[in-house]
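Biologist: Hi! Could you walk me through this structure in plain words?
Modeller: Happy to, let's have a look together.
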Amino acid sequence: MQRASEGKREPICACAIPPALCPTSSQFSVGLANSGGSRMSAPLRFDGRVVLVTGAGGGLGRAYALAFAERGASVVDSVEAGEKLVQTALDAFGRIDILINNAGILRDRSFVRISDEDWDIIHKVHLRGSFLVTRAAWNHMKNQKFGRIIMTSSAAGIYGNFGQANYSAAKLGLLGLANTLAIEGRKYNIHCNTIAPTAGSRLTQTVMPQDMLDAFKPDYVAPLVLWLCHESCQENSGLFEVGAGWIGKLRWERSLGSVVRQKNHPMTPEDVQNKWEKICDFDNVNHPRTIQESVSMLNDVLSQIESQDVSPNPTSHTTSAFSTGIDPTKAIGQKMPPITYEYTHLQPILYALGVGMSTKDPDHLKFLFEGSEEFCCLPTFAVIAAQASMSAGMADIPGLAIDFTKVLHGEQYLEIYKPIPTSGTLISEATVADILDKGSGAVLLLDVHTYSGKDLVCYNQFAVFVVGAGGFGGKRSSEKGKVTVNLPNRPPDAIATDVTTVDQAALYRLSGDSNPLHIDPGFAALGGFQKPILHGLCSFGFAARHVLKHFANNDVTKFKAIKVRFAKPVIPGQTLQTEMWKEGNRIHIQTKVKETGNISIAGAYVDLTSTSDQPTAKHPTVKGAGLLSDLVFEEIGRRIKEEGNQLVKKVNAVFQWNITKDKKTAVQWTIDLKNGSGEVYQGPARGKADTIFTVSDEDFLDVVLGKTNPQKAFMSGKLKVKGNIMLSQKLGTILQQYAKL
């Protein structure tokens, strides 16, 4: 291998480090693995990776180069900086994977003594130098879909330091450059992070005593750099202070601030002065991570100003009375104008599709086809007629001067008195039931009664949280509020799983909630979300129909009420997993996002007028007496408890059994050898079954005892199989080994 240097090519070793510094040479060795690596189960390797380190003549750069080389990387280093180094790496190794921008110099002067030359040379070496080298490497990293870049900032850049105005400006400039590169490179698997090291080097040896230099060895910085550059590290756009064996991550913190400009009121310096304490109050803070999160607050302010019809900042000093905030004595009990909702059979069908119903499931047809003899509305369709009350008329309620851009839907309660008509006209009447003071915000309880003619068909209670509207001296709880409940302390009785589509929010919004947060990526970004999010009431609909199917056989007349708390957002395309616990006629529920484990619906329940003793499957369960198959499944369950882990590894499948008696499904059993350590339970599969068997109790026992050949039972129609038939071969072995009567 050869390396270009000032127009000449000189021989170097395979790691591209001068032999005197090469860890593979007898002249030098380092022990990065001893700095904590020995405690790791497997060392982090960089075999096949090409690393470029600028400023590697000594100190930090030299430590980086040696550490990378020791762990298998090919390293190109330079005493100075230079974009030609990238070409050197490409000529020698054909690629560039990792770039460490480390080169730097000092020209410390007090601000009044800094010359143009002092300023320019610092920016040329630190900021422009890093820009040029990174630009030369960027497209190569982009094309190979991999890159790791480190920018070297400084505590002086983060906090400032006397005598280093030129150096501080350049070092903080590197942080801004790194953050933008992290954004632009993310989709190409190019990560860019920034470190602010404190270490003994050529730059610090003149200002640090020797004992300090010994304590702040470059070897204590190198492990962080190597980790950030490893392919398994997903850190991006991070800023880290590091030194003496300590590492800390920094983030921005911002006070909640204060809106100084008010309706029909000139904004003056005195207004700023009066709000100064709140502007600088860090008791309640947020931590913006992106420019979208940063400007989302300003977007809220602009929306608020627009809704309040605030005039442009006048130059005159005219004043007007201004009153803001919440006065419960005026607002509670106020009624809003009635809301009329007219609809045909199309709206209930559209709603059913919006909450995930499909013609793939025959049970869903009565919610999707107006020609079905059982055509009916999902009970949760009742929220559609009432939801307009959350906004219509609230702005005119006395004692309720709030910022509607800060309103979040926190909880929902729905109670059904009569089945919802499949078409017609519904009238909703809304009342402010109560207002709670939560300190950081206010909770409004909005009661909505919905009528079909003179008949009361349903009641909704919307609990909405108004960010920043608390502190008015109100009560914290209310006997009028429908409260959430704790889950039973045991595994769920049933689990239902549904994959939402990427267009789920786009479909659901057609039922009336047209908030752009759920469809417009730009608007979602202003709200701090990477993508548009699913409507909370859409997840609410998914959870409700899961209960309706599993515990009421989709009989809408058994649905009485539902209460939920919206915990975390869902992204369209994610999987909703509803866990259900039966306690009498109350079904406790919790909905999770399967991909992340985040709970999206918490403290929730559904009340039914009556329930099945077991979760209802596609066919209602008919209780049988003296089923011999029960003994078999109980014995299989006992054996699986002993050896379930091994069976899960071997089988990796879920089997559902429909056991019939007198040609009707008498009981269902599930053998789960895919999840956890395996399980046998009575009832349908909680998720998707890989194979479903249907067989009579007598024929099942004959198969288990070997009296009937399974293949012959299948060919004769005694044993029916749906799904992956090949997996039944694995199950046959289990039945023979574990079902000893």
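Modeller: A salt bridge is a side-chain nitrogen of Lys or Arg within 4 Å of a carboxyl oxygen of Asp or Glu. Arg95 and Asp97 meet through their side chains in such a bridge, at 2.6 Å from N to O.

Biologist: Before we go on, what kind of model is this?
Modeller: This is a predicted model, where local features need pLDDT of at least 70, side-chain atom pairs count only at pLDDT 80 or more, and totals for chains, interfaces and linings use all residues. Residues are numbered from 1 along each chain as its sequence is written, and side-chain values use heavy atoms, with hydrogens and water left out.

Biologist: Thanks! How many salt bridges are there in the whole structure?
Modeller: The search finds 19. In one of them, the side chains of Asp97 and Arg49 meet at 3.3 Å, N to O. That pair links distant parts of the chain, 48 residues apart. Asp97 is in the loop between helix H2 (84-93) and strand E5 (98-101), and Arg49 is in the loop between strand E2 (8-11) and strand E3 (50-53). Helices (H or I, at least four residues) and strands (E, at least two) are DSSP runs, numbered from the N terminus.

Biologist: Is Asp97 buried or exposed?
Modeller: Buried, at 0% relative accessibility. The word buried means under 20% relative accessible area, exposed means over 50%, and partly exposed is in between (1.4 Å probe, protein chains only). Arg49 is buried as well, while Arg95 counts as partly exposed at 27%.

Biologist: And which residues do Asp690 and Lys674 tie together, sequence-wise?
Modeller: Their side chains meet in a salt bridge of 3.1 Å, N to O. Asp690 lies in the loop between strands E26 (679-682) and E27 (691-696), and Lys674 in the loop between strand E25 (664-673) and E26, so the pair ties together parts that are 16 residues apart in sequence. Asp690 is partly exposed at 22%, and Lys674 is partly exposed at 32%.

Biologist: Which residues form a network of salt bridges?
Modeller: Arg49, Arg95, Asp97 and Glu231 are joined into one network by salt bridges that share partners.

Biologist: New topic: how many disulfides are there?
Modeller: The count is zero, taking a disulfide as a pair of cysteine sulfur atoms within 2.5 Å. For Cys377, the nearest cysteine sulfur belongs to Cys376 and is 7.2 Å away. Cys377 is buried, with a relative accessible area of 5%.

Biologist: What about Cys458, buried or exposed?
Modeller: Cys458 is buried, at 1% relative accessible area.
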